[in-house]
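Q: I have a structure open and would like to go through how its chains sit together. Can we take it step by step?
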Number of protein chains: 2
Amino acid sequence: MTAAVHTYVEGFAKSDAALIIDMYAADASLEDPIGTPVRHGIDSIAEFYVGAMHTGARLELHEPVRIAADYAAFAFTVVLDLGEGLKRVDVIDTFRFNADNKITEMRAFWGPTNMSGF
Amino acid sequence: MTAAVHTYVEGFAKSDAALIIDMYAADASLEDPIGTPVRHGIDSIAEFYVGAMHTGARLELHEPVRIAADYAAFAFTVVLDLGEGLKRVDVIDTFRFNADNKITEMRAFWGPTNMSGF
């Protein structure tokens, strides 16, 4: 599960949406950020990451990844450069995994107080 | 909610279990760490914190606290000194709050890979 989080960071570094989409189970859910409508199923999740890659987002992981039962939780900073100066968002994500080490649930904790440079 | 997290850290710094117990709603739940039996209700939660204070645990908060809708998520290191050398546990907690700013759900993400010095 820790290696999966590192792959996730690598996916953003390479702008490789497919690498990340392949980490998800077909019936997974995604809520990013918490409080917004939950996406259900791999097609909706794929759409989310293809869009995310267009922002050029990079993830700076703040180690260590926390592992508890079938969950991973990790703190990171998203760095965006949209040509208007560097923007940063401090985030904590949680992943839940199934027995095949695929993500079944992703939740992202961040909000307006965690954004800078916007 | 960010201030509540700071109060939580202060409660450990002062070994003041009552300060922390007062942050919880009467019907709250607590799962620490995830994968262990969930505690339900303020009496069981109080028992948990009175026990925790006996370990002399201190919390080093890794700012910023992430705030999303009615949730706070925060990364920290628990530092324990039981007279056998310093022990550390890297943890991410999530709190869910009600309209009275009381915690209704606490979940702690940590496991064996997050412990050092034991």
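Q: What rotation superposes chain B on chain A?
A: This is a predicted model. In it, a rotation of 180° with 0.0 Å of shift along its axis puts chain B onto chain A, with an RMSD of 0.0 Å. The two copies are thus related as by a two-fold rotation axis.

Q: Which residue of chain B comes closest to that axis?
A: B:A75, whose C-alpha lies at 3.4 Å from the rotation axis.

Q: Now the contact. How many residues does each chain put in?
A: Chain B gives 25 residues and chain A gives 25 residues. Of the interface residues of chain B, 100% are also interface residues in chain A, so the copies meet through the same surface.

Q: And how much area is buried between them?
A: About 1,800 Å², with 65% of it on carbon and sulfur atoms. On the chain B side, B:R66, B:I92 and B:F109 supply 33% of the area buried against chain A, more than any other three residues.

Q: How many salt bridges and polar contacts cross the interface?
A: There are zero salt bridges between chain B and chain A. Polar contact is found for twelve residue pairs, both residues being at pLDDT 80 or more.

Q: Which elements of chain B give two or more residues to its side?
A: Those are β3 (58-68), β4 (71-81), β5 (86-97) and β6 (103-109) of chain B. β3(B) gives the most, with six residues.

Q: What kinds of residues are on that side?
A: The side of chain B that touches chain A has 16 nonpolar, six polar and three charged residues.

Notes: Residues numbered from 1 in each chain as written. Chains lettered and ligands numbered in written order. Predicted model: local features only at pLDDT ≥ 70, side-chain atom pairs only at ≥ 80, totals over all residues. Heavy atoms only, no water. Least-squares fit on C-alpha atoms with pLDDT ≥ 70 in both. Contact = heavy atoms within 4.5 Å. Buried area = accessible area lost by both parts, 1.4 Å probe. Salt bridge = Lys/Arg side-chain N within 4 Å of Asp/Glu carboxyl O. Polar contact = N/O pair within 3.5 Å; in protein donor to acceptor, adjacent residues only side chain to side chain. Helix = DSSP H or I, 4+ residues; strand = E, 2+ residues; numbered from the N terminus. Nonpolar A, V, L, I, M, F, W, Y, C, P; charged D, E, K, R; others polar.
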